[in-house]
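Trainee: I'd like a close look at a single part of this protein. Please take me through the strands and how they pair.

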Amino acid sequence: MLSWLFGKSKTAEIVQLDRIGIDIHSHLIPGIDDGVETVEESIEMILKMKELGYSHIITTPHVIWDCYRNTPDIIRQGLKQVRDACRDANIEVNVQAAAEYFIDEHFVEMLSKGEELLTLPGKRLLVELPYSTPLMNTSETLFGILAKGYQPVLAHPERYTYFHSQPEVFQKLVAQGCELQVNVLSLSSYYGPNVQKMANWLLEKQLVSFLGSDAHKMGHLDMISKCDKNGWLSKYPFQNEKLVSK
Ligand SMILES: [Fe+2]
């Protein structure tokens, strides 16, 4: 069914992600968020991710109650569709799913009611903040996640521009027990020079635990191949691989 994919020749890549091994942030389940739209697109991206050096993918659809009302059942159903397609295409890859939870009222309600939340290994909860306006209580909210027995992992801290003038916020969050996940493309100027500068600062201060592709479309993966001008991928102690055996 997907035999058209096998005719593609491998291109020489500048960046190899073998050292990272496991990707913990992407949008590869078709039709349930702003990521891929079809299962064929998912398969094409999974093949590209293998080519880049990933052997294990934990994909993380958005849960944003105003736009993407994804429940664990919806995500599990989508994961099955992707896995079935990988099996049909004889693609050897370990694909799992968690979620990227936007911190909104619904999230806080799910957390307080003890509803099922999909996590990364080690009960890690991938969460994102609003892009334009800061939450009134970022620190308290992340602390509330810890208090419920989850390990908060803040997605792409470098992209919250309102923190660019006060980067010490991240030192405080890490000291409080939050883990940070930087996007691969933030190592380049893809999201703008200020985001790149913030990512570099976080890495220089050794505040980052994980790297994520946050891949929504093939174009993101194409750009990863030439994004690492400062060599962080080969020298920084990202913790991604430690998640595989947990
Ligand atoms: Fe994302």
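Which way do strands β7 and β8 run, and how many bridges join them?

Mentor: A word on the model before the strands. This is a predicted model: local features need pLDDT of at least 70, side-chain atom pairs count only at pLDDT 80 or more, and totals for chains, interfaces and linings use all residues. Residues are numbered from 1 along each chain as its sequence is written.

Now your pair. Strand β7 (residues 151-155) and strand β8 (residues 179-183) run parallel, and three bridges join them. Strands are DSSP runs of E with at least two residues, helices are runs of H or I with at least four, and both are numbered from the N terminus. Two strands pair if DSSP finds at least two bridges between them. Within this pair, Val-153 has Glu-179 of β8 as its bridge partner.

Step back to the sheet. β7 and β8 belong to an open sheet of six strands, in the order β3-β5-β6-β7-β8-β9, with parallel pairing. β3 (62-63) and β9 (210-212) are at the edges; each has a single partner strand, so one side of each lacks a neighbour in the sheet.

Follow the chain back from the edge strand β9. The loop between α6 (193-204) and β9 holds Gln-206. Gln-206 is not a glycine, yet its phi is positive, near 55 degrees. Most residues other than glycine have a negative phi. Gln-206 counts as exposed because it has 10 C-beta neighbours inside 10 Å. The cut-offs use C-beta atoms placed from the backbone: 20 or more others within 10 Å is buried, 12 or fewer is exposed, and in between is partly exposed.

Another pairing is worth a look. Strand β2 (residues 56-59) runs parallel to β4, with four bridges between them. There, Thr-59 stands opposite Ala-97 in β4. The side chains of β4 (residues 94-97) alternate. Val-95 and Ala-97 point to one face and are buried. Asn-94 and Gln-96 point to the other and are not buried.

The loop between α2 (72-88) and β4 contains Asn-90. Asn-90 is also not a glycine and has a positive phi, about 55 degrees. With 9 C-beta neighbours inside 10 Å, Asn-90 counts as exposed.

Last, the whole protein. It has eight helices and nine strands. Buried residues make up 41% of its 246 residues. Contacts are pairs with C-beta atoms, placed from the backbone, within 7 Å. Of those with a separation of 6 or more, 80% join residues 24 or more positions apart.

How values were computed:
Two residues are in contact if their C-beta atoms, placed from the backbone, lie within 7 Å.
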